[in-house]
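Me: I have a model open and would like to understand the reasoning behind some of its labels. Could you walk me through them?

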Amino acid sequence: MMREGGTATSRGGGRPSDAEIAELLAAGAGAPSSHNSQPWRLRWHAGAIEVHGDPARRLPAADPDGRELRLACGAALVNVRLAVRAQGRRAHTQLVPDPDDPWFLGRVRPGGPLPPTGWESELAAAVHRRHTDRHPFDGRPLPPVLRDQLTRASWRENCRLVVVGDVVQRRRLLELTAEAHRRQQADPAFVAEWERWIGHEARSEDGLPPAHARRSPRPDHAWRPRDFGGAIADDDRLAGAEDAAEDQPTIAVVASYEDGVLAHVRAGQAMQQVLLTATARGVGASFVAPPLEVPDIRAQVRAVLGGVVWPQVVLRLGWGRPVHPTPRRTTAV
Ligand SMILES: Cc1cc2nc3c(=O)[nH]c(=O)nc-3n(C[C@H](O)[C@H](O)[C@H](O)COP(=O)(O)O)c2cc1C
């Protein structure tokens, strides 16, 4: 993390103090990312928090074109924006697609005083409470009003949330997920990359360290491919009975109308709006990434959804339980 300039002032007016900037950076760093790779560089520069993708933290096997990296950076932008609002300032977000600097993805500039709305405060409070919930859900469906709220969360960033309710569509998506997972597990480059990030003693600030994950995934559950298992799952007294209640989780796809650098950042923003809304309402969420990481299977998922929108993230949603946080890199100002 880098810092330039900055003076001490009170909340809601003038330039943020160092402590406030540290809060903004920490909020950005709380975003989810594939393998907890945290593929961003966040810095305070010229009066704004900048979000840069970090190519050194890309996952070439799982994410060869950097799409998931940009999703994670979009999520970081939303977290920063909400943290600025929680500090009582206007937040001006700018996405900055620039062919000469393809890793510079966006910035949030704190503006003049403006108290947050109640809903912004709730979402901001969810930033550090949100954790990926891989537990089995308890089988109760999400009420329609909540689904509507999640759908609107995605609209706020000009993306659709497609809830996959149709039995035939769900079955097809499940088949595609299993096929993608099987292919990835048979790919030595994917497995080697997994082993670099997951279950490593040496990693205490990124990846999924042994306290959170075993080096090899547990036998997979249909909607929870890449279930990392590990110590948290070992504590899980439901371990034996878990699949009885799972699973009719709500499966929802964040989808964009285009598919390029900007669309990926926007979809990451929509993903985070959905995730934070879920957290604020006590709903757990995890990711079903494999079917969108294998290009020809992603094309088939797109066809399953009607062929118009571009699927960006498949989410599994339901009533979960408290989850332990994963580590983050230090966010020094
Ligand atoms: C694009 C994307 C894909 C992900 N794919 C998976 C996945 O396939 N399986 C999984 O268990 N978690 C997946 N995750 C969740 C990350 O592992 C998680 O965000 C990271 O470990 C940080 O933990 P947190 O979300 O609890 O903060 C994904 C996250 C993102 C943003």
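**Labels and the reasons behind them**

Reply: Gladly, and keep in mind that this is a predicted model. A good place to begin is Asp 206: neighbours within four places in sequence aside, this residue is in contact with Asn 36, Gln 38, Arg 57, Trp 197 and Pro 327. Asp 206 sits in the loop between helix H6 (188-197) and helix H7 (231-235).

Me: Why does Asp 206 count as buried?

Reply: The relative accessibility of Asp 206 is 7%. Buried means under 20% relative accessible area, so Asp 206 counts as buried.

Me: What makes the pairing of the side chains of Asp 206 and Arg 57 a polar contact?

Reply: The distance between them is 2.9 Å. The cut-off for a pair of N or O atoms is within 3.5 Å, and the Asp 206 to Arg 57 pair meets it.

Me: Why is Arg 85 called buried?

Reply: Arg 85 has a relative accessible area of 7%, and the label needs a value under 20%, so buried is the right word for Arg 85. This residue belongs to helix H2 (residues 67-86). A polar atom of the Arg 85 side chain lies 3.0 Å from the backbone oxygen of Pro 115. Beyond four places in sequence, Arg 85 touches several residues, including Leu 114, Pro 116 and Glu 120.

Me: How do you know that Val 314 is buried?

Reply: Its relative accessibility is 1%; with the limit set at under 20%, Val 314 counts as buried. Val 314 is part of strand S9 (residues 310-318). Among the residues it touches, not counting those up to four places away in sequence, are Leu 173, Ile 251, Phe 287 and Leu 292. Val 314 and Leu 292 are 22 residues apart in sequence, with their C-alpha atoms 7.9 Å apart in space.

Me: Now the ligand. Why is it said to lie between domain 1 (2-126) and domain 2 (144-318)?

Reply: Both domains give residues to the shell around the ligand, so it lies between them. By class, that shell has 6 nonpolar, 6 polar and 5 charged residues.

Me: Which of the 17 residues around the ligand come nearest?

Reply: They are Arg 130, Thr 132, Arg 134, Thr 326 and Arg 328. A polar side-chain atom of Thr 132 is 2.5 Å from a ligand oxygen atom, and for Arg 134 the distance is also 2.5 Å. For Arg 328, a side-chain N or O atom is 2.6 Å from an oxygen atom of the ligand. The protein buries 98% of the 620 Å² that the ligand exposes when taken alone.

Terms used. Residues are numbered from 1 along each chain as its sequence is written. This is a predicted model: local features need pLDDT of at least 70, side-chain atom pairs count only at pLDDT 80 or more; totals for chains, interfaces and linings use all residues. Side-chain values use heavy atoms; hydrogens and water are left out. A residue is near a molecule or strand if one of its heavy atoms lies within 4 Å of it. A polar contact is a pair of N or O atoms within 3.5 Å; within protein, one must be able to donate a hydrogen and the other to accept it, and residues adjacent in sequence count only if both atoms are side-chain atoms. Accessible areas come from the Shrake-Rupley method with a 1.4 Å probe; for residues, only the protein chains shown count as cover. Ala, Val, Leu, Ile, Met, Phe, Trp, Tyr, Cys and Pro count as nonpolar, Asp, Glu, Lys and Arg as charged, and the others, Gly among them, as polar. Domain bounds come from an automatic or database domain assignment. Helices (H or I, at least four residues) and strands (E, at least two) are DSSP runs, numbered from the N terminus. Buried means under 20% relative accessible area, exposed over 50%, partly exposed in between (1.4 Å probe, protein chains only). Contact means heavy atoms within 4.5 Å.
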